[in-house]
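Dear colleague,

I am handing over the structure below, and I would be glad if you could look through it before reading the notes that follow. They move from the whole chain to one sheet and then to a few single residues.

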Amino acid sequence: VQLQASGGGLVQAGGSLRLSCAASGSIFSISFMGWYRQPPGKQRELVVSITSVGSTTYVDSVKGRFTISRDNAKNAVYLQMDSLKPEDTAVYYCKADLRTTRWQRRDDYWGQGTLVTVSS
């Protein structure tokens, strides 16, 4: 199983970016999908998550600015980031909590990070 993330880049404050992450390989089901970020010199933190039925949880600092969505048919998750601020600068990682077969327990899989840089 692989998670491929894309969409990072350099943007000015107030701008927008859209991150994408698609899971591929032998996948039976995906429950949780989420986006984490790790600012320079800081620990990785959960930004937003979405369950298989669409329930979402956002960290307070991005509420009203970021929107997560999910395409279950494509095993993909997206993050629309609007009104970006310099403090949003970080490497963003996607994660999926999934089963590869009906009988396997759920495991976490991570995508490679994608760098988001917001200039002031």
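In this protein, residues 24 or more positions apart account for 54% of the contacts with a separation of 6 or more. Please keep in mind throughout that this is a predicted model, and that the values below were computed from it.

As for the overall make-up, the secondary structure comes to zero helices and eleven strands, so that from the N terminus on the elements run β-β-β-β-β-β-β-β-β-β-β. The radius of gyration is 14 Å, close to the 14 Å that the globule rule gives for 120 residues, and the protein is therefore as compact as a globular protein of that length. Along its principal axes, the C-alpha trace spans about 50 × 25 × 25 Å. Of the 120 residues, 38% count as buried, while the accessible surface comes to about 6,400 Å², with 47% of it belonging to carbon and sulfur atoms.

Turning to the strands, you will find an open sheet formed by four of them, in the order S1-S3-S8-S7, with antiparallel pairing. Strand S1 (2–6) and strand S7 (66–71) are the edge strands, each of which pairs on one side only, and from one strand to the next the twist averages 15 degrees. Inside this order, strand S3 (residues 17–24) and strand S8 (residues 76–81) pair in the antiparallel sense over six bridges; as an example that you can locate in the model, Leu17 has Met81 as its bridge partner in S8.

Met81 also leads to the next residue, Arg65, which lies in the loop between strand S6 (56–58) and S7. Is Arg65 buried or exposed? Arg65 has a relative accessible area of 9%, and because that is under 20% it counts as buried. Its side chain makes a polar contact with the side chain of Asp88, at 2.7 Å. Leaving aside the neighbours within four places in sequence, Arg65 is in contact with Gln80, Met81, Asp82, Ser83, Leu84, Lys85 and Asp88.

Lys95 is a second charged residue worth opening in the viewer, and it is found in strand S9 (residues 90–99). With a relative accessible area of 10%, Lys95 is buried. Which side chains make polar contacts with the side chain of Lys95? One is that of Tyr36, at 3.1 Å, and another is that of Asp108, at 3.5 Å. Once its neighbours within four places in sequence are left aside, Lys95 is in contact with Leu3, Phe32, Met33, Gly34, Tyr36, Asp108, Tyr109 and Trp110.

Finally, Arg102 is found in the loop between S9 and strand S10 (107–110). Its relative accessible area is 53%, and because this is over 50% Arg102 counts as exposed, whereas Lys95, in strand S9 itself, is buried. Leu3, which is among the contacts of Lys95, is 99 residues apart from Arg102 along the chain, and the C-alpha atoms of Arg102 and Leu3 are separated by 20 Å.

With kind regards

Definitions and conventions: Residues numbered from 1 in each chain as written. Predicted model: local features only at pLDDT ≥ 70, side-chain atom pairs only at ≥ 80, totals over all residues. Heavy atoms only, no water. Helix = DSSP H or I, 4+ residues; strand = E, 2+ residues; numbered from the N terminus. Buried < 20%, exposed > 50% of the residue type's maximum accessible area, 1.4 Å probe, protein only. Polar contact = N/O pair within 3.5 Å; in protein donor to acceptor, adjacent residues only side chain to side chain. Contact = heavy atoms within 4.5 Å. Pairing = 2+ DSSP bridges. Axes fitted to C-alpha atoms, helices over the stretch in contact; angles between N-to-C directions. Rg over C-alpha atoms; globule rule 2.2 N^0.38 Å. Areas by Shrake-Rupley, 256 points an atom, 1.4 Å probe, with all protein chains shown as cover.
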